[in-house]
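Good morning, colleagues. Please take a moment with the sequence and the model before I begin.

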Amino acid sequence: MFLSIGNVLKYLNATPDSRNFVEGERLLNASHLILCGIEEKCEANLNIFALCLQTSAISSPPHEISGIIKNSVENGMSVTSMSCTCKAGLGGTCKHIAAVLLYCTRLSLT
């Protein structure tokens, strides 16, 4: 099953023209997302973890992104929570999180 773009936009409270969404897509297309995978499967939840290079300091340690994606028969895949170690990541909707969620739309998570 796939995470839909609609659910990503809903979680990010964004549109396809929103800054975090556009910049997240740029990060993904520039191959700054260097690791992304399922850390643990717990019943209907998928705990994901990712690493993303810092665009302003490529040689610095990467940002760490983690979150939970819920898989339900009724609603499909939906994002429950996300966090990132960047300054904007506390709000759960930074460009790094957008890049990870966009990556998740491109592969089957089940």
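I shall speak about a pair of helices, then the nonpolar core, and finally one histidine.

This is a predicted model, in which local features need pLDDT of at least 70 and side-chain atom pairs count only at pLDDT 80 or more, while totals for chains, interfaces and linings use all residues. Residues are numbered from 1 along each chain as its sequence is written, and side-chain values use heavy atoms, with hydrogens and water left out.

Helix 1 (residues 5–12) packs against helix 3 (residues 95–105) at an angle of about 160°, their axes being 9 Å apart. Helix 1 is therefore roughly antiparallel to helix 3, a term for angles over 145 degrees; angles run from 0 to 180 degrees between N-to-C directions, and axes are lines fitted to C-alpha atoms. Helices are DSSP runs of H or I, at least four residues, and strands are runs of E, at least two. I5, V8, Y11 and L12 of helix 1 meet I97, A98, L101, L102 and T105 of helix 3, contact meaning heavy atoms within 4.5 Å.

The largest nonpolar core, a set of buried nonpolar residues joined through side-chain atoms within 4.5 Å, has 28 residues. Buried means under 20% relative accessible area with a 1.4 Å probe, protein chains only. Among the residues with the most contacts inside this core are L12, I65 and L101. Helix 3 supplies its largest share, seven residues.

Lastly, is H63 buried or exposed? H63, in strand 3, is buried, with a relative accessible area of 12%. Its contacts include A50, C84 and H96.

Terms used
Angles under 35 degrees count as roughly parallel, over 145 as roughly antiparallel, 65 to 115 as roughly perpendicular and the rest as oblique. Buried means under 20% relative accessible area, exposed over 50%, partly exposed in between (1.4 Å probe, protein chains only). Lists of a residue's contacts leave out its neighbours within four places in sequence.
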